[in-house]
Amino acid sequence: MIIVSRVILWVLVMPLLAVADDAARQPVSFSASIAPLLVENCQGCHGTKKAEGSYRVDSFEFAIGEGDSELPGFVGGNPEDSEAFRRILSDDPGERMPLDRKKLSTAQIELLRRWIDEGAMFDGD
């Protein structure tokens, strides 16, 4: 009876684990995950109406582009060379982004890091 119970449990749990594992292997979507994060946390100061440091995040091209620092915001495969990401991680209150707002959560930061590590790809129209 114990063996049958374990087999039934295994049959029920394994498909759920497979789905979770599949989701973890899917690339991070710029359109579904990164763009909404940037809009919510960054676009207020880095958008069409206001572009602090001449840096914008209201399109993929602008987000990976340069601002006044002349350093690219996000560099696929290279978080260390991604100026926007560096500022998100900064401990300097005058430099950390978003400025004068709550720091991004660990989950948000890890999502950005994963997207950058995966190549900072655009998956929209």
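This short talk is about the charged side chains of the structure above, beginning with one arginine and moving on to the salt bridges. Please keep in mind throughout that this is a predicted model.

Let me start with Arg96, which sits in the loop between helix H4 (83–89) and helix H5 (106–117). What is the nearest side chain of opposite charge to this buried residue, and how far away is it? It is Asp91, at 7.0 Å, and Arg96, although buried, has no salt bridge. Since a salt bridge here requires a side-chain nitrogen of Lys or Arg within 4 Å of a carboxyl oxygen of Asp or Glu, the partner to look for is a carboxylate, and for Arg96 there is none.

What the side chain of Arg96 does reach is backbone: the oxygen of Pro98 at 3.2 Å, and the backbone oxygen of Arg101 at 3.0 Å. If we leave aside residues up to four places away in sequence, Arg96 touches Arg87, Ile88, Ser90, Arg101, Lys102 and Lys103.

Now to the pairs that do form. In general, side chains of opposite charge can pair when their charged atoms come close. A search of the whole structure finds 7 salt bridges, and I will go through some of them.

In helix H4, Glu83 and Arg87 lie 4 residues apart, about one turn of the helix, and they form a salt bridge in which the closest N and O atoms are 2.8 Å apart. Is Glu83 buried or exposed? Glu83 counts as buried, because its relative accessibility is 9%, and the cut-off for that term is under 20%. Its partner Arg87, which is also one of the residues touched by Arg96, is partly exposed, with a relative accessible area of 26%.

In helix H5, Arg113 and Glu110 are 3 residues apart, again about one turn of the helix, and their side chains meet in a salt bridge at 3.5 Å, N to O. Arg113 is partly exposed at 26% relative accessibility, and Glu110 is likewise partly exposed, at 40%.

A further salt bridge joins the side chains of Arg114 and Glu118, at 2.9 Å from N to O. Arg114 counts as partly exposed, with 30% relative accessibility, and Glu118 is partly exposed too, with a relative accessible area of 33%. Beyond individual pairs, salt bridges that share partners join Glu83, Arg86, Arg87 and Glu95 into one network.

To close, I would set two pictures side by side: Arg96, buried and with no salt bridge, and Arg87, which is paired with Glu83 and belongs to that network.

Conventions. Residues numbered from 1 in each chain as written. Predicted model: local features only at pLDDT ≥ 70, side-chain atom pairs only at ≥ 80, totals over all residues. Heavy atoms only, no water. Helix = DSSP H or I, 4+ residues; strand = E, 2+ residues; numbered from the N terminus. Buried < 20%, exposed > 50% of the residue type's maximum accessible area, 1.4 Å probe, protein only. Lys, Arg positive; Asp, Glu negative; His and termini not counted. Polar contact = N/O pair within 3.5 Å; in protein donor to acceptor, adjacent residues only side chain to side chain. Contact = heavy atoms within 4.5 Å.
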